[in-house]
Amino acid sequence: MEGVARTPVRKQNFSVKRQAILETIRSTNCHPSAEWVYQQLKPQFPNLSLGTVYRNIAQFKEDGLIISVGIINGHERFDAMTVPHGHFICKKCNRVMDILEDHVAPKTIASVEDALGVEIENHELVFYGLCPDCRIVERD
């Protein structure tokens with residue numbers, strides 16, 4: 001069609017490296033950092049750069065494929081489970097554990113909404129303390 005301007009469609013280039021980065025995050029429940037992902041993939045992809053990992057992770061976050069758990073011990077950590085859930089972070093070893101919504105009293109959100117007169121659209125729930133392994137060490 002002559003004379004009709006076409007808007008370029010943004011193409012998602014899911015390269016082998018890009019797919020490997022996403023699958024590495026999806027395949028673990030350790031809530032990895034970009035550095036951890038990089039270390040896992042470097043043997044398989046010797047020319048992989050840490051910058052490539054960071055850029056892809058940023059795009060995955062923007063696309064809603066992963067979420068950020070936050071900065072833990074100086075490193076941003078990520079989660080491929082994007083459904084609403086909370087986290088437990090060990091203050092000693094930095095382990096991150098998922099807390100599923102059914103572990104939290106269902107009335108909590110409604111109580112906060114009622115008490116403040118707000119409508120909650122999203123929330124983050126994070127508990128801090130000692131994980132089971134660190135609790136054992138503390139007792140010894």
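Reader: In what order do the three strands of the open sheet lie?
Author: Happy to start there, and do keep in mind that this is a predicted model. The pairing in this sheet is mixed, and the edge strands, β4 (96-100) and β5 (126-129), each pair on one side only. From one strand to the next the twist averages 25 degrees. The order is β4-β3-β5.

Reader: In which sense do β3 and β4 pair, parallel or antiparallel?
Author: Strand β3 covers residues 85-90, and five bridges link it with β4. The two strands form a hairpin with five residues between them. In the turn of that hairpin, Asn94 has a positive phi of about 70 degrees. The sense of the β3 and β4 pairing is antiparallel.

Reader: Which residue in β4 is the bridge partner of His87?
Author: Let's walk along the β3 and β4 pair, which has five bridges. Ile89 stands opposite Val96 in β4. For His87, the bridge partner in β4 is Asp98.

Reader: And on the β5 side, which residue is the bridge partner of Phe88?
Author: Here β3 and β5 run parallel, joined by four bridges. In β5, Phe88 has as its bridge partner Phe127.

Reader: How many of the six residues of β3 are buried?
Author: Take the two faces in turn. On one side, His85, His87 and Ile89 are buried; on the other, Gly86, Phe88 and Cys90 are buried too. Strand β3 is therefore largely enclosed by the rest of the structure, and its count of buried residues is six of the six.

Reader: Now to the helices: is Gln39 buried or exposed?
Author: Gln39 has its place in helix α2, residues 34-41. Its C-alpha is 9.0 Å from that of Leu50, a residue 11 positions away in sequence. The relative accessible area of Gln39 is 52%, and the cut-off is over 50%, so Gln39 is exposed.

Reader: How are α2 and α3 oriented to each other?
Author: Helix α3 spans residues 50-63, and its axis lies 9 Å from that of α2. They pack at an angle of about 125 degrees, and their crossing is right-handed. The angle falls outside 65 to 115 and is not over 145, so the class is oblique. That makes α2 and α3, relative to each other, oblique.

Reader: How many charged residues are in the contact of α2 with α3?
Author: From α2 come Ala34, Glu35, Val37 and Tyr38, while α3 brings Leu50, Val53, Tyr54 and Ile57. By class, seven are nonpolar and no residues are polar. The number of charged residues is one.

Key. Residues are numbered from 1 along each chain as its sequence is written. This is a predicted model: local features need pLDDT of at least 70, side-chain atom pairs count only at pLDDT 80 or more; totals for chains, interfaces and linings use all residues. Side-chain values use heavy atoms; hydrogens and water are left out. Two strands pair if DSSP finds at least two bridges between them. Axes are lines fitted to C-alpha atoms, for helices over the stretch in contact, and angles run from 0 to 180 degrees between N-to-C directions. Buried means under 20% relative accessible area, exposed over 50%, partly exposed in between (1.4 Å probe, protein chains only). Angles under 35 degrees count as roughly parallel, over 145 as roughly antiparallel, 65 to 115 as roughly perpendicular and the rest as oblique. A crossing is left-handed if the near helix is turned anticlockwise from the far one by less than a right angle, and right-handed if clockwise. Contact means heavy atoms within 4.5 Å. Ala, Val, Leu, Ile, Met, Phe, Trp, Tyr, Cys and Pro count as nonpolar, Asp, Glu, Lys and Arg as charged, and the others, Gly among them, as polar.
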